[in-house]
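Trainee: I am new to this structure, and I would like a close look at one chain. Please pick one, describe how it is built and how it meets its neighbour, and then show me a few pieces elsewhere to set beside it.

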Amino acid sequence: MSTPPAIEIEHLTKFYGTREIVRDLSLTVPTGSIYGFLGRNGMGKTTTIRILLGFEEPTRGRARILGEDSSRLSPATRARIGYLPEGHHVYGWMTVRECGQFQASFFPKWNQDVFEAVITHFRLEPKMKAGHLSRGQRAGLCLALTLAPEPELLVLDDPALGLDPVARRSLLQSMLYVTRQPNRTILFSSHLLSDVERVADRIAVLDGGVIRADCTVETFRQRLRHYVLKFRETPPAPPSLPGLLESFRTDHELMMTFANATPDVEARIAELRPESVEPVEMTLEDAFVSYVGERGEKTFFTHQLNGK
Amino acid sequence: MPLGFSISPASEVPIFRQIMHQVQRAVASGYLKVGEQLPAVRSLAETLVLNPNTVARAYQELIREGLLESRAGRGVFVAERRQVFSEAEQARRLRHLAEQLCQEAALLGTRWGELRTLLETTWKQLQSQPESHP
Amino acid sequence: MKTLIWKELRENIVWAVLLMLALGGAEVFALHQQNQGDPQYIFGMTLCKTTFLTTTLFGCAAAGILLGFLQVLPELKRDRWAALLHRPVDRGQVFWGKALAGTVLYLIAAGVPLAFSIWHVARPGNFPTPFVPEMVKPGVADFIGGFGYYFAALLAALQGGAVLLRALPLLAALHVSFFAVDQDLFRVAVEAAVAMIVVLCLAGWGAIYSGETVRRRPWLARLAFLIVAFYGACGIGDLAKQLGRMAGLVAHPTYSYWQVLDDGSPARFNTVNNVLVSVTDMKGKPFADAKYQGDRARNHALGMNTATSHIGNSHRFVREPYNPEYRESRAYLYANEPYSHPRLEQWFHLERDAHYVGMLPLEKTEFAVLGADGFAAPGTKVRPFPDDVSLDQASGDLLVIAAPDSLKFVSLSKREITELPLPAPPPIYGVAHAWARIGNRSEDYKGVAFGTALAVYDLKGQVVALLPYRHDVDRWGRIWLGVLNSRDRFVVRYDPSDWIDRKTRVSMPSFVDVMDVKGNVLTAYTVPPGPPSVSSQRWSSFLAARVQGPAFFFGEMLYRRVGAALGSTRLRNLLAEQLGPNLADTRKVGSVLVSVALLLAVVVYFWARRAQLPARQVWGWTAVALGFGLAGLIVFWLAGARPRTVRCPACGQRRRIDEEVCGCCGASWPANPSDETAIIDPLTEPAALAAAS
């Protein structure tokens, strides 16, 4: 690639006490991409982002952001990174305009037009007290503060948390607006798979401190397969097949979800001699839930309900 | 937006395919005529609040299928119809849809006669719309 | 930077103003509160009053701690903190922004109340005490000390890690407070406080770069943090000592002194923890007379005072200037006795300006001043009394002014000065107050020390007795006078002169003569030399005072030795005491300190090895433990970066989690187990797609 990656994480490991929060995590976010950072709560997303921005130190490994070591970011590099932490903190006693002025005083570049455009987008008045804003308005203000310095790299930690659909849409529009300029990179964590599907080029799925998937949205959906097997009798217990994520048995059906199902796996499924095999397409959300949800077999038999 | 795109991310159908289907329908119904320009990737992406790469992907797939064509520096246009798929491929694609249609009809208890009439009417409607074969 | 300061001020100004009002109210209340336990209560020693100083000491510290915490703790929530720090400015600037704003806030919260209190006291008509500007010293020292607590709180809030580690800065500030309150000299107290402020400030500046690891901070901040940690450990020692003292665990100082009883015979008073446990005669036998037994003996001891500490000046003895504690009002001014009940006129001696000021307690205004040239109108600048003049004002209206060549009795109420004829050749060496007890009343006398005899005057200025010296007053020149209750017998006590060095002095006897008005000796006693008057400290308390370890013990000795060599009398005396009468204790303490430090050094050595620190750090910490003993161990325990270790999957030994390879077997960490569900897609160039269309 011509431009160096915006973010490079190499073998990052982080301990809190004796608890390993992030384990041997490597991730490269190329310049110009929109990266969705997914994972259930407590899986190390925020920790990774905080290490990336130099607010915590890695136990092992290293992280580079815009070519600079995360633990000693120079003010000049920081000026090129927009970071929106979780919680959307604002100084409640300032007005919206004062928030902008306060923020502007630190940044060498400050595009007041962007600031005003974003706050208008979120229907904010410059005279409003920041402390009286709703959750979505606060997010809008924070986003305006983050975007106005025209950062090359935008790191958003769960920006959609607690936002209503309208505010979320505005957020996505603002994110896309950023990438209008060439070589703007966005890394954002989210739980809203529909948002991720709309805007992300690629996703990284963090599970238990480990990267389990690092691919395009399309690849992720393609590689996850859901099969519904119909039986005349009670279906047999699912065999242990490579890539099996979860299975669900009812009186006459066996449903299995696979990651990376190979033709070999499909052959093994056929060996179960079901009446029919139906591959079902999954939404991204279903795919994600199967992927990071609990593994193993679940059953639902009516004869058990009847107290057999 | 004249093209009434509607995107639902919470669907089993990937977004780029949703775009493809809708362009295909617009072309098939004659809403988009041969030689007509499609909205630019960037502006369509912003209107639909989508990653531009997704829109670009849909366009590329359609270009590959021969429905659209890209003219360097000017944009994407509806292409003249030409044979891109082999007969076998055409048959495969249609068979899939026919299966679905028949299944649905069977479920609803539609008789073959009715179904045939319906197919004929739909076909005629599509044909009767002005086409721009030069 | 400007906007940062503005933000900090705007966020916390309300707290500063609230603190200012609370502290100001408390200080003014304390100034006006009449403390019955204070012997000088009626003339409440204003800015040196215990209640006022308690308020400033605790109030300034509390204000400092509160402001420091308020500036950091509410913002320390992860996201708020990240939002504050993610700016294109150096983090140090954020710290200085906070610190500068905090300085302004502290000035408002603690400075304004103090300034107001000073102004309030200085205004005539508010207090029946002359205003001496130097009396602001203890308040100012507390104010500066409180500023140290501000930086300690900043550091404690910014520092990550265990609670005790975060408490170290506060303990260090506490240690300096203990030190400052104990000092005689204001200068020393302020220097210590300022030094600690600088160190705490630097350590705090470093902590904003990395709360977790000290290693990531600028080296100056790291050094500062080590110093803070060390003094924090000393603060733990201080606290332990205080608790021990409260629980009565640490020391039982035994102290013996001798006094003359009201029959003229000397007696030894023995105390433990300041409680009188026995009274014996010089041979160690208890007295037969019941009134001299046990605690009752206190009521039958003769009131005696020294007229002079040496006679003759052939030894070129120069007295060290006496420095009373800067927190005591008597360092600045002294109320004439008797001050225990209100009078219409009250005179004060101002220590630095060496003159008297008369105040009207009811009007609370000055009415006259008295200097070397006599009385003058209030507010007049008068000539101070020269250094060689002794002033004795211990009997109400009468003030005795004894210059080397003249003796004047001054009636303060009549504003009359009478010069008296001298019954013996000058010079006069000093004056002592003595009294006889007649029922509830006392009859006062003044003893004036000449070169050859002690003249006893009554208050009318009549010489009632001229008592020639019966001992070698060159060597026994500290002369005391007492009057028996029969008023026809006088007791003269001779102690070794002050010009004799302490080491010799404690081996010399003292003499007590009972004389009649003609100067004949009726009874003569010789008091053998010995431990009396030397406080014998238990070595355990001596040790408790020195948790700092050998470095301080030997460092202090070296400091004293160098100081003595450079000519400091004070340090020479301290050294002489340490190596003279206390030599045995000194040796014991020294050897215990050294052996304890050795033991601790070994502990730290193996501890550091086990923690797999690099060799340089292992030896460094061992040296710290060796030099600073228990404090060194505490600092290592709390502040030493000891990375966590886990069992190595390759060799089973413990290995550091922050090292790539095992220190034991050299294996690197195992890779994540491969997972057939992993979905990894090689990177393509996504931007290229968009660009293409």
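Mentor: Let's take chain C, which has 15 helices and 24 strands. Here helices (H or I, at least four residues) and strands (E, at least two) are DSSP runs, numbered from the N terminus. Please keep in mind that this is a predicted model, in which local features need pLDDT of at least 70 and side-chain atom pairs count only at pLDDT 80 or more, while totals for chains, interfaces and linings use all residues. Residues are numbered from 1 along each chain as its sequence is written, and chains are lettered from A and ligands numbered from 1 in the order in which they are written.

Begin with the overall form of chain C. Along the principal axes, its C-alpha atoms fill a box of roughly 125 × 55 × 45 Å. The radius of gyration of chain C is 33 Å, whereas a compact globule of 693 residues would have one near 26 Å; this radius is taken over C-alpha atoms, and the globule rule is 2.2 Å times the number of residues to the power 0.38. Among the 693 residues of chain C, 37% count as buried. A residue is buried if 20 or more other C-beta atoms lie within 10 Å of its own, exposed if 12 or fewer, and partly exposed in between, with C-beta atoms placed from the backbone. Two residues are in contact if their C-beta atoms, placed from the backbone, lie within 7 Å. Of the contacts in chain C with a separation of 6 or more, 59% are between residues 24 or more positions apart.

Now zoom in on three strands of chain C. Strand 14 (residues 430–438) and strand 15 (residues 441–449) of chain C run antiparallel and share 9 bridges; two strands pair if DSSP finds at least two bridges between them. One of the bridges links G430(C) with A449(C) in strand 15 of chain C. These two strands of chain C make a hairpin with 2 residues between them, and in the turn G439(C) has a positive phi of about 60°. Strand 15 of chain C also pairs with strand 16 (residues 453–458) of chain C, antiparallel, through 5 bridges. Here G447(C) has V456(C) in strand 16 of chain C as its bridge partner. Strands 15 and 16 of chain C form a hairpin too, with 3 residues between them.

Next comes the place where chain C meets chain A. Chain C gives 34 residues to the contact and chain A gives 46 residues. On the side of chain C that touches chain A, at least two residues each come from helix 1 (2–32), helix 3 (78–85), strand 24 (679–680) and helix 15 (686–692) of chain C. Helix 3 of chain C supplies the largest share, 5 residues. By class, this side of chain C holds 13 nonpolar, 6 polar and 15 charged residues. Ala, Val, Leu, Ile, Met, Phe, Trp, Tyr, Cys and Pro count as nonpolar, Asp, Glu, Lys and Arg as charged, and the others, Gly among them, as polar.

The two chains also share strand pairing. Strand 24 of chain C runs parallel to strand 10 (residues 210–216) of chain A, and 2 bridges join them. Within this pairing, D214(A) stands opposite I680(C) of strand 24.

Across in chain A, you can set another hairpin beside those of chain C. Strand 1 (residues 7–16) and strand 2 (residues 19–29) of chain A are antiparallel and joined by 7 bridges. Y16(A) has R19(A) in strand 2 of chain A as its bridge partner. The hairpin of strands 1 and 2 of chain A has 2 residues between them, and G17(A) in the turn has a positive phi of about 65°.

Chain A also contains an open sheet of 5 strands in the order 14-11-13-12-15, with mixed pairing. Strand 14 (276–280) and strand 15 (296–299) of chain A are at the edges with a single partner strand each, so one side of each has no neighbour in the sheet. Strand 11 (residues 224–230) of chain A pairs antiparallel with strand 14 of chain A over 5 bridges. One bridge partner across this pair is P279(A) in strand 14 of chain A, opposite Y227(A).

Finally, glance at chain B. Helix 3 (residues 52–65) of chain B is mostly covered, with 10 of its 14 residues buried. Among the buried ones are P52(B), Y59(B) and L62(B). By contrast, helix 4 (residues 87–108) of chain B has 0 buried among its 22 residues, so it lies largely in the open. Just after helix 3 of chain B, G66(B) takes a positive phi of about 90°, and G109(B), which follows helix 4 of chain B, has a positive phi near 75°.

Technical notes
The expected span of a helix is 1.5 Å times one less than its number of residues.
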